[in-house]
Amino acid sequence: MSEIVIAGIGMTPVGEHWATSLRELALEAIEKALHEVEGLRPQAVFVANMHAPVLSRQANVGPLVADFAGFRGVEAATVEAGGASGGMALRAAYLAVASGEVDAALAVGVEKATDRVGAGVESAAATVLDADYEAEQGVTPAVQAALIMQHYMQETGAPREAFAAFPLLAHQNAVGNPYAMYRKAVKESVYHRVTMVSDPLNLFDAAPLADGAAAVLVARRDALPPQTAQPLVKIAGFGVANDTLAWHDRDDLLDFAAVRRSVEAACRRAGCTPAEVDFFELYDAFSVYVPLILEAAGFAPRGEGWKMGQTDALTLDGSLPILTMGGLKARGNPGGATGLYQVAEAVLQLRGQAGDNQIPRARRGLVQSLSGPASLAVTTVLEAV
Amino acid sequence: MEISRHWRLRKQRYALEGEVCPHCGAKLFPPRDVCPHCGLEAKQTYTFVGTGTVVSWTTARQAPEAFAEQAPYVVALIQLDEGPKLTAQLTDLGDTEPYPGMPVEMVTRKLRSDREERGLILYGYKFRPVLERALAE
């Protein structure tokens, strides 16, 4: 079988796009992605979105976006898997191409978070939880993350201050990302002064839900035009694993088992080990997720992931750079689009187009999006061709 | 507020009715019909005693619309004495700061209202510290 490659990517800046609609955001990202490779049209369009049915009263986002972007006669559907929606849209595009059903498929992620503000957004965010047994107790994703953080500190002895390292790193890296929501480094003293969201979790421990769209064009390599303007990036491995949706149903509260399973599966398919990747775009929706992901993915012993934040290991010139373009925290978290921003940013690294944030000689990247506290983990190994 | 949905959950909300697996004996709450421990069907009802301990807790300060008037409120992960864990608000705390292993018991409280949509009030389980006198007995 021919290799499956990423032939084009497109992103909008992440932020508050008051003047731009859901469909217009999606179109902007799609046009950029298609523009990167002339003469290749997708026969399938998978649109990742989390909150439009609640925030914008718009379901049927897949067919809407495909129509608005000018596609006719193609396959089009919404892909919703919570925070992993973007990763799963790429998965759908990959499977469509890998099966031989289509030569090229487009994964588009779009989120329009600012159609409502304040408590309305919290209500929408809470719909990804178990509605009957979590949300009806007043739980939101941030409240759930606070419960996890409190338990993690209690069980591992991690000091409260240790969690500052991850949002600070995200903000530092976002300075060099023109698409990021917050392109400003943050001092540790500021981190400790901000509003408490749900003790011990503060405003800087939670990535901001924002507007944005990202598109990734997937194709069989032998279906591409002979000359492509952009360097190609190969999808070398994919791994997807689920776990209990509600955190209270976990037997082991501090094991992101789906992270481990999906990383192992993706690396096995790619013929590499996690230690052989040049960087890791991980899902920092909440600061406490970062150590739990690093531990489950095998980069740190159980209970010690927080210690990696105290070293230089995770910085752009460290042994395992993470959040290389600002992560969810500082690039922003445009819900269903987030997983595809992560992929597009990894593609920039592997093409050598990451500008000030370029990781030298980046050849292989690990990209992972999560739904909730690893209720679903979608992991991709990408390689420069 | 979706009346039939909340009516359907009345036995769980008012009486902590869960399930026991007839194959491996695991007690399940919330009820889930398929035992996560042995993978077999588990539809036999079991009513939990309603006592447990706090595993983790947080004070929620940024609430969704339906809970905005209650903020700040304390949410906890509780391990029931029969084994399973659930998420619930803590109530009647007074000046008591929760701690890991804190003994708690289920009480029925107002969870929220429908915010004047039709004047409906949703009741369900919360947990309060077990009274010292009760512990001594």
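In this predicted model, Arg5(B) is buried, its relative accessible area being 15%. A salt bridge links Arg5(B) to Glu136(A), with 3.8 Å between the closest N and O atoms. This pair crosses from one chain to the other: Arg5(B) belongs to helix α1 of chain B, and Glu136(A) to the loop between α5 and α6 of chain A. Glu136(A) also counts as buried, because its relative accessibility is 5%, which falls under the 20% cut-off. A further salt bridge joins the side chains of Glu136(A) and Arg112(B), at 2.8 Å from N to O. Here the partner in chain B sits in strand β7 (residues 103-113). Arg112(B) is buried too, with a relative accessible area of 10%.

These pairs belong to the contact between chain A and chain B. Chain A brings 33 residues to this contact and chain B brings 36. Between them the two chains bury about 2,900 Å², with carbon and sulfur atoms accounting for 51%. On the side of chain A, the residues that lose the most area to chain B are Tyr133(A), Glu136(A) and Gln137(A), which together make up 27% of what that side buries. Glu136(A) thus appears both in this group and in the salt bridges to Arg5(B) and Arg112(B).

The count of salt bridges between chain A and chain B is 6. Among them is the one in which the side chains of Asp249(A) and Arg32(B) meet, at 3.2 Å from N to O. Polar contacts across the interface of the two chains number 20 residue pairs, both residues at pLDDT 80 or more. In chain A, the elements that each supply at least two residues to the side touching chain B are α5 (119-126), α6 (141-156) and β5 (196-198). Of these, α6(A) gives the most, with 6 residues. By residue class, the side of chain A that touches chain B comprises 13 nonpolar, 11 polar and 9 charged residues.

Chain B itself is divided into domain 1 (1-48) and domain 2 (49-130), and the C-alpha centres of the two domains lie 19 Å apart. In this pairing, 14 residues of domain 1 are in contact with 21 residues of domain 2. The area buried between the domains is about 1,400 Å², and 68% of it comes from carbon and sulfur atoms. Met1(B), Arg13(B) and Phe48(B) lose the most area on the side of domain 1, together 47% of what that side buries. The rule finds 0 salt bridges across this domain interface, but 5 residue pairs in polar contact, both at pLDDT 80 or more.

Within chain B, Asp92(B) and Arg109(B) form a salt bridge, their closest N and O atoms being 2.6 Å apart. Asp92(B) lies in the loop between β6 (85-90) and β7 and Arg109(B) in strand β7, so the pair ties together parts that are 17 residues apart in sequence. Both residues count as partly exposed, Asp92(B) at 43% relative accessibility and Arg109(B) at 26%.

Turning to a loop of chain A, Asn357(A) lies between α13 (338-351) and β10 (364-371). With a relative accessibility of 4%, Asn357(A) counts as buried. A polar atom of the Asn357(A) side chain lies 2.6 Å from the backbone oxygen of Asn173(A). Apart from neighbours within four places in sequence, the residues in contact with Asn357(A) include Gly176(A), Leu316(A) and Gln349(A).

Definitions and conventions: Residues are numbered from 1 along each chain as its sequence is written. Chains are lettered from A and ligands numbered from 1 in the order in which they are written. This is a predicted model: local features need pLDDT of at least 70, side-chain atom pairs count only at pLDDT 80 or more; totals for chains, interfaces and linings use all residues. Side-chain values use heavy atoms; hydrogens and water are left out. Helices (H or I, at least four residues) and strands (E, at least two) are DSSP runs, numbered from the N terminus. Buried means under 20% relative accessible area, exposed over 50%, partly exposed in between (1.4 Å probe, protein chains only). A polar contact is a pair of N or O atoms within 3.5 Å; within protein, one must be able to donate a hydrogen and the other to accept it, and residues adjacent in sequence count only if both atoms are side-chain atoms. Contact means heavy atoms within 4.5 Å. Domain bounds come from an automatic or database domain assignment. Buried area is the accessible area (1.4 Å probe) that two parts lose on being put together, summed over both. A salt bridge is a side-chain nitrogen of Lys or Arg within 4 Å of a carboxyl oxygen of Asp or Glu. Ala, Val, Leu, Ile, Met, Phe, Trp, Tyr, Cys and Pro count as nonpolar, Asp, Glu, Lys and Arg as charged, and the others, Gly among them, as polar.
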